[in-house]
Amino acid sequence: MGKYVKYVVLIAGIGMLVWGIARGDMAAVLRKAAAICMECIGIG
């Protein structure tokens with residue numbers, strides 16, 4: 001059983017990644033990351 005856990009977690013992670021990209025969450029995360037980065041260096 002223990003040797004299959006890593007594969008189940010890997011498949012679940014890939015599934016969640018694909019689901020998030022399909023929902024458009026990737027653009028929202030990138031937009032928020034850019035805003036935080038701009039605040040850190042003092043531009044925004």
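Q: Let's start with one side chain: is Arg23 buried or exposed?
A: Relative accessible area is the value to look at, and over 50% counts as exposed. This is a predicted model, and in it Arg23 has a relative accessible area of 55%, so Arg23 is exposed.

Q: Which residue forms a salt bridge with Arg23?
A: Here's the general idea: side chains of opposite charge can pair when their charged atoms come close. In this case the partner is Asp25, and the closest N and O atoms of the pair are 3.6 Å apart. As for Asp25, its relative accessibility is 29%, so Asp25 counts as partly exposed.

Q: How many salt bridges does a search of the whole structure find?
A: The search turns up 1 salt bridge. Arg23 and Asp25 form a salt bridge, so you've already met that pair.

Q: Let's zoom out, then. How many helices and strands does the chain have?
A: You'll find 2 helices and 0 strands. Helix H1 covers residues 2-23, and helix H2 covers residues 25-41. Look at what follows each helix, too: Gly24 comes after H1 with a positive phi near 90 degrees, and Gly42 comes after H2 with a positive phi near 85 degrees.

Q: What span should the 17 residues of H2 have?
A: The trick is to count 1.5 Å a residue and compare that with the distance between the end C-alpha atoms. For H2 you'd expect 24 Å, and the end C-alpha atoms are 25 Å apart, which agrees. Try H1 as well: its 22 residues reach 32 Å from first C-alpha to last, close to the expected 32 Å.

Q: How many residues of H1 and H2 are buried?
A: Buried means under 20% relative accessible area. In H1 the number buried is 1 of 22, so H1 lies largely in the open. H2 has 0 buried out of 17, so H2 lies largely in the open too. For the chain as a whole, 2% of the 44 residues count as buried.

Q: Which residues form a nonpolar patch on the surface?
A: For a patch, look for nonpolar side chains within 5 Å of each other. Here they are Tyr4, Tyr7, Leu10, Ile14 and Val18, with about 530 Å² of accessible area together. Take Tyr7 as a sample: it sits in helix H1, and at 47% relative accessibility Tyr7 counts as partly exposed.

Q: What about cysteines: how many disulfides does the structure hold?
A: To call a disulfide, you need two cysteine sulfur atoms within 2.5 Å. The structure holds 0 disulfides. Cys37 is in no disulfide, and the nearest cysteine sulfur, in Cys40, is 6.4 Å away. That distance is too far for a bond. On accessibility, Cys37 is partly exposed at 43%, while Cys40 counts as exposed at 64%.

Q: Last one: what box do the C-alpha atoms of the chain fill?
A: Boxes like this are taken along the principal axes, and here the box is roughly 50 × 20 × 5 Å. To go with that, the accessible surface of the chain comes to about 4,100 Å², and 75% of that surface belongs to carbon and sulfur atoms.

Notes: Residues are numbered from 1 along each chain as its sequence is written. This is a predicted model: local features need pLDDT of at least 70, side-chain atom pairs count only at pLDDT 80 or more; totals for chains, interfaces and linings use all residues. Side-chain values use heavy atoms; hydrogens and water are left out. Helices (H or I, at least four residues) and strands (E, at least two) are DSSP runs, numbered from the N terminus. The expected span of a helix is 1.5 Å times one less than its number of residues. Buried means under 20% relative accessible area, exposed over 50%, partly exposed in between (1.4 Å probe, protein chains only). Patches are made of residues with over 30% relative accessible area and no salt bridge: like charges are joined within 9 Å, nonpolar side chains (Val, Leu, Ile, Met, Phe, Trp, Tyr) within 5 Å. Accessible areas come from the Shrake-Rupley method with a 1.4 Å probe; for residues, only the protein chains shown count as cover. A salt bridge is a side-chain nitrogen of Lys or Arg within 4 Å of a carboxyl oxygen of Asp or Glu.
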